[in-house]
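Student: I'd like to go through some labels on this structure and ask what stands behind each one. Could you show it to me?

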Amino acid sequence: MMAANTARSIRADLQLIADMIEPHSRLLDVGCGDGTLLEYLDRHKHVDGRGIEISTQGVDACVSAGLSVIQGNADTDLADYPDQAFDYVVLSQTLQAVQAPKTVLGHLLRIGRRAIVSFPNFAYWRLRWNLAARGRMPVSNSLPYQWYETPNIHFCTIKDFVELCDAMGITIERSISLDHKGTMRRIGSIVFFANLFGEHAVFLLSR
Amino acid sequence: MTVTQSRATERKDDRPLPGHRVRLGTDRPLRLGCGAELHDFPVAYQTYGSLNRDKSNAILVCHALTGDQFVAEPHPVTGKPGWWDLMVGPGKTLDTGRYFIICANIVGGCMGTAGPKENNPATDKRWGVDFPVITIGDMVGAQALLLDHLGIEQLFVVIGGSLGGMQVLQWAATFPERVFAAVPIATAAHHTAQNIAFHEVGRQAIMADPDWCGGDYESNGKNPHRGLAVARMAAHITYLSETALHRKFGRRLQDRKAVTYGFDADFQVESYLRHQGITFVDRFDANSYLYITRAMDYFDLTGEHGGVLANAFRGTKTRFCVFSFTSDWLFPTEESRKIVHALNAVAANVSFVEIESEDGHDSFLLEAPEFHRLLNGFLNGAAEHRGLPRAG
């Protein structure tokens, strides 16, 4: 709706998130980056969207595009929001960069009736291979940082995340993995294959 | 109510001020925060652009402590460009080709609206310090009466920096249904102890000037211009930053090769401040300065709402865009964050950006391309939601 007239295609994992969201819902995107998802949802699903973004460039891009975004931080700013204020709270590719992932996850499901969380799977076979065969911290297209400059401080695997959800009493409504070609697979009760072949994972969660 | 076009306060040369002046509170008085009432009082205002048919494109600009209604035209006293000339005009961020811009001189001011410089209708003499002490709420109350007069039910945007930002917050809290979007800039939900302290220095400078005559300088044929100039000099420092002062002046000397071992303005920064002080007294009333700084000191939207700022905005549908500037130490980013936190606590629609700038509190008045670009984005987004036509 805001900027471009032509429908812009978005990253596969963002598209997957977008497809989970009901039209006309209220949504908070935590770590919304340059606002790609918010803009897409605004235009295609008429979502009442808000965002939090830590980087100045990201906030700049969002507010310039007419999106409602505050400069803030998932670790410190989520505590302000009231319970159940949104239909969805999205945490896309941000979980691994926060100080306290468990606390943040708790806030997501306090603030939103549902949470959608996506993250890079650290048990993806190429990463395992890097570590096992080369003995080096993995650097890939989707994780392009060297260990000494990465903002990603809390990596986890799909299996780790499923276990955390269990421990926190969180219901996994849907879970999907994406391989390096963007092919989606439902994460079934046997997590093993998804954990090995999924480069990214997207979870739809509720209490 | 009656409108008198192009007739406002008399100036030194007795020519009327440009703009409009209307008498408000004629049917019902304006009840002030202090308990007093203002009956049949003048409000001087200026407008730019034109109001659309469904009256949905009005933007109220709230001016700061020493500002006035002459936002985007040469000042009638000083001849200098309007104080927000960079922001308001055809094709500018507040585009007068799209929006109807209104700016009213605040209650307590000295450019034609009711204040200590105007006559008390009961005595037909200047109010002076008999004028009731006013609040930010009173300024906003008078502006609301002006909107009634203009037949504007809802403002598209209320915008202002500093004291203007306080008015924006007060507007959003008091008349949420009349504010589609609110842009508080470089402001706070309450005046801090440090800021009250600076204001007190300014007021004491004015009142210590023997020409102040207990506030009755007019009938004594005097003007406490020295006190007012000192107040302005002290305040002006707080509007800048050390970086800005260093960049502008450093330790450079004023028209001399060496210090003179005296108390002349040896340094450029002294000369600059003296100039700021001297030129200010030509256009500003000393008693007005007392009243307006007091109104800012009393401002406490948090206190008014039981110590919980969020209560001021509960249920609000207004779209907010809060701006702060990195080098502003008078209204630091932390104060803006408090506003944003309160708005988040009621899940309000809010954007917030801290703009990188070296120019201190005054940044919002100066060239700041990033600020203008972001504000423009916010306005376009809001205009689309309000159903206003796209920028041509």
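Tutor: Gladly. Let's start with a cut-off: a residue counts as buried when its relative accessible area is under 20%, and as exposed when that area is over 50%. Keep in mind that this is a predicted model.

Student: Which of the two labels, buried or exposed, goes to A:E39 and A:R43?

Tutor: A:E39 and A:R43 are both buried, so each has a relative accessible area under 20%.

Student: What makes A:E39 and A:R43 a salt bridge?

Tutor: The closest N and O atoms of A:E39 and A:R43 are 3.6 Å apart, and the cut-off is 4 Å, so the pair qualifies. The two residues sit four apart in helix α2 (residues 36-45) of chain A, which means about one helical turn separates them.

Student: Why is the pair of A:R26 and A:D48 called a salt bridge?

Tutor: Here the closest N and O atoms are 3.5 Å apart; that is within 4 Å, so the name applies. A:R26 belongs to strand β1 (residues 26-30) and A:D48 to strand β2 (residues 48-53) of chain A, so the bridge ties together parts 22 residues apart in sequence.

Student: How do you know that A:R26 is partly exposed?

Tutor: A:R26 has a relative accessible area of 28%. That value lies between 20% and 50%, so "partly exposed" is the right label. A:D48 also comes out at 28% and is partly exposed.

Student: And what are the labels of A:R110 and A:D83?

Tutor: A:R110 is at 22% relative accessibility and counts as partly exposed. A:D83 reaches 52%, and because that is over 50%, A:D83 is exposed. Their side chains meet in a salt bridge at 2.8 Å, N to O. This pair links distant parts of the chain, with A:R110 in helix α5 (residues 101-111) and A:D83 in the loop between α4 (74-77) and β4 (86-92), 27 residues apart.

Student: Now chain B: why is strand β5 (residues 41-48) described as largely enclosed?

Tutor: Eight of its eight residues are buried, so the rest of the structure largely encloses the strand. Both faces of β5(B) are covered, with B:V43 among the buried residues on one side and B:A44 among those on the other.

Student: How do you know that β5(B) pairs with strand β2 (residues 20-24) of chain B?

Tutor: Five bridges join these antiparallel strands; pairing takes at least two, so the condition is met. B:V22 stands opposite B:V43.

Definitions and conventions:
Residues are numbered from 1 along each chain as its sequence is written. Chains are lettered from A and ligands numbered from 1 in the order in which they are written. This is a predicted model: local features need pLDDT of at least 70, side-chain atom pairs count only at pLDDT 80 or more; totals for chains, interfaces and linings use all residues. Side-chain values use heavy atoms; hydrogens and water are left out. Buried means under 20% relative accessible area, exposed over 50%, partly exposed in between (1.4 Å probe, protein chains only).
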